Amino acid sequence: RLIKADAITTVEPFWNTSYMQVDIDEKSPPFLPRSTSYYQWISSFCRFLISRSHSNNKNAWGAFFHACRSAIRSLSGIVMAEFLLPLFVLDLLCFGNKSDEEIIVEELVRVLSFDTQGDQNHDGMRLEEREKAVLVVFGLMSILRQWSDNETEALHRMSLSKGAKKRMATSSYSSSWSHTLCLKKIDLLLSKLPLPTCAEAASSVGMRARALQFLEMEGRRLSNLRRIDNSTNPSASNLPDKFIASNVLEGIDLQLTQTLLGQLNDFDSMLVVSQESCHEVDHCKRLAETALEKELYEDWEGACQAYEQLLDKRLNKGMESYTKYRAQAGLLRCLLKLGRLESVLNQSYGMTRQAQPLQSPPDSANEHTL
């Protein structure tokens with residue numbers, strides 16, 4: 001069998017060797033804040049999942065996963081770690097306890113979560129390395145969703161044939177993943193990874209089309225929920241109103257949507273989103289969208305005026321810190337494009353002073369000395 005599988009040359013040297021795998025103490029979660037590279041994160045995360053699966057006596061995959069631990073430790077084993085990660089996650093979801101499920105969800109959400117100041121992240125991992133981690137999480141979600149769709153389709157096909165329930169009962173064992181348990185655990189995990197968070201993560205690492213896809217999925221999900229609510233509500237029986245409401249992308253980040261459409265040079269869709277959502281956008285968001293639209297059309301003077309209005313404290317007292325940060329960055333960009341270097345220096349100095357904590361005023365002696 002080894003000869004037919006063309007594995008004899010690989011296995012034969014280990015028959016007469018003294019090689020032994022030395023188990024080391026696995027790191028405890030969270031893994032992302034203490035990882036400086038993508039390899040370090042995925043290696044630590046996968047080794048933890050293997051250790052939890054091996055210590056669980058309820059499944060038959062623990063020994064198989066435990067045999068792969070040495071390959072995942074090396075840098076050349078990244079491909080194997082990426083291939084086995086969905087199996088590790090699904091195995092621990094089905095046979096692990098509640099804390100294991102919470103650890104997986106928190107780690108995945110942590111990879112997708114970026115801070116609100118526009119930086120790449122709060123740890124020492126570079127943006128290129130963080131992009132690889134985000135891609136792995138997106139791939140994990142796609143594979144789990146595909147498995148769920150395939151299992152659901154197989155269950156529907158089996159339900160149409162005779163004796164399907166009997167075959168399902170005789171083919172399921174306590175040590176294997178049952179169909180219903182897999183579907184339940186996969187749906188639960190995907191529901192705990194918010195689509196808006198996925199869109200923010202995709203936008204932060206430069207995946208603009210993927211970010212728009214997540215925003216569209218979130219908009220369709222919310223639209224379906226509203227349609228279901230309207231069907232159960234007797235007062236919402238007006239068909240024209242229901243049709244109009246179903247076409248409005250309520251509940252998603254419209255400013256991020258317009259930014260992504262502008263970066264993809266889809267100005268027509270950007271204008272349609274702005275027109276359809278103008279009735280629900282407040283004053284700050286409307287100014288931010290106007291400034292961004294003018295900036296994308298390279299109307300630097302108009303964008304500069306819109307950013308100045310957005311930063312006016314008399315008009316926008318309750319503006320969020322993230323919106324203020326983006327408005328400040330946009331104002332400096334427009335001033336640089338207009339060649340007003342002295343204004344850039346003055347604005348930067350004022351923004352820096354506002355960001356610093358208030359210092360105690362100097363005493364009278366120091367004032368007279370100065």
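The following legends accompany close-up views of a predicted model of a single protein chain.

**View 1. The whole chain as a helical structure.** The chain of this predicted model contains 19 helices and zero strands. Of its 370 residues, 36% count as buried, and the accessible surface of the chain comes to about 22600 Å², with 55% of that area belonging to carbon and sulfur atoms. Among the contacts in the chain with a separation of 6 or more, 64% are accounted for by residues 24 or more positions apart. The structure holds 13 salt bridges, whereas the number of disulfides is zero.

**View 2. Helix H13 and the residue that comes after it.** Helix H13 spans residues 254-263, and nine of its 10 residues are buried, so this helix is largely enclosed by the rest of the structure. The buried residues of H13 are Leu-254, Gln-255, Leu-256, Thr-257, Gln-258, Thr-259, Leu-260, Leu-261 and Gly-262. Just after the helix, the backbone at Asn-265 takes a positive phi of about 60 degrees.

**View 3. The surroundings of Gln-328 in helix H17.** Gln-328 is found in helix H17, which covers residues 321-338. With a relative accessible area of 15%, Gln-328 falls under the 20% limit and is therefore buried. When residues up to four places away in sequence are not counted, Gln-328 touches Leu-311, Met-351 and Gln-354. The view also takes in Leu-310, which is 18 residues from Gln-328 in sequence and 9.2 Å from it in space, as given from C-alpha to C-alpha.

**View 4. Cysteines without a disulfide.** A disulfide is a covalent bond between the sulfur atoms of two cysteines, and the structure holds zero of them. Cys-304 is in no disulfide, and the nearest cysteine sulfur, which belongs to Cys-334, is 5.8 Å away. Because a disulfide is counted for sulfur atoms within 2.5 Å, that distance does not qualify. Cys-304 counts as buried at 1% relative accessibility, and Cys-198, at 0% relative accessibility, counts as buried too.

**View 5. A salt bridge between Lys-192 and Glu-101.** Side chains of opposite charge can pair when their charged atoms come close. In this view, the side chains of Lys-192 and Glu-101 meet in a salt bridge, with 3.3 Å from N to O. Lys-192 lies in the loop between helix H9 (179-191) and helix H10 (195-204), while Glu-101 lies in helix H6 (residues 98-112), so the pair ties together parts that are 91 residues apart in sequence. The two partners are covered to unlike degrees, since Lys-192 counts as partly exposed at 30% relative accessibility, whereas Glu-101 is buried, with a relative accessible area of 6%.

**View 6. A salt bridge within helix H6.** Arg-110 forms a salt bridge with Glu-107, and the closest N and O atoms of the pair are 3.5 Å apart. Both Arg-110 and Glu-107 lie in helix H6, three residues apart, which is about one turn of the helix. Arg-110 counts as partly exposed, with 25% relative accessibility, but Glu-107 is buried, with a relative accessible area of 1%.

**View 7. A salt bridge within helix H11, and a network elsewhere in the chain.** The side chains of Glu-216 and Arg-220 meet in a salt bridge, at 3.0 Å from N to O. Both residues lie in helix H11 (residues 208-232), where Glu-216 and Arg-220 are four residues apart, or about one turn of the helix. Glu-216, at 41% relative accessibility, counts as partly exposed, while Arg-220, at 53%, counts as exposed. A companion panel presents Arg-126, Glu-128, Glu-129 and Lys-132, which are joined into one network by salt bridges that share partners.

**View 8. Arg-69 in helix H4 and its contact with His-66.** The place of Arg-69 is in helix H4, which covers residues 69-73. The side chain of Arg-69 reaches the backbone oxygen of His-66 at 2.5 Å. Arg-69 has a relative accessible area of 12% and is buried.

Notes:
Residues numbered from 1 in each chain as written. Predicted model: local features only at pLDDT ≥ 70, side-chain atom pairs only at ≥ 80, totals over all residues. Heavy atoms only, no water. Helix = DSSP H or I, 4+ residues; strand = E, 2+ residues; numbered from the N terminus. Buried < 20%, exposed > 50% of the residue type's maximum accessible area, 1.4 Å probe, protein only. Contact = heavy atoms within 4.5 Å. Areas by Shrake-Rupley, 256 points an atom, 1.4 Å probe, with all protein chains shown as cover. Salt bridge = Lys/Arg side-chain N within 4 Å of Asp/Glu carboxyl O. Polar contact = N/O pair within 3.5 Å; in protein donor to acceptor, adjacent residues only side chain to side chain.
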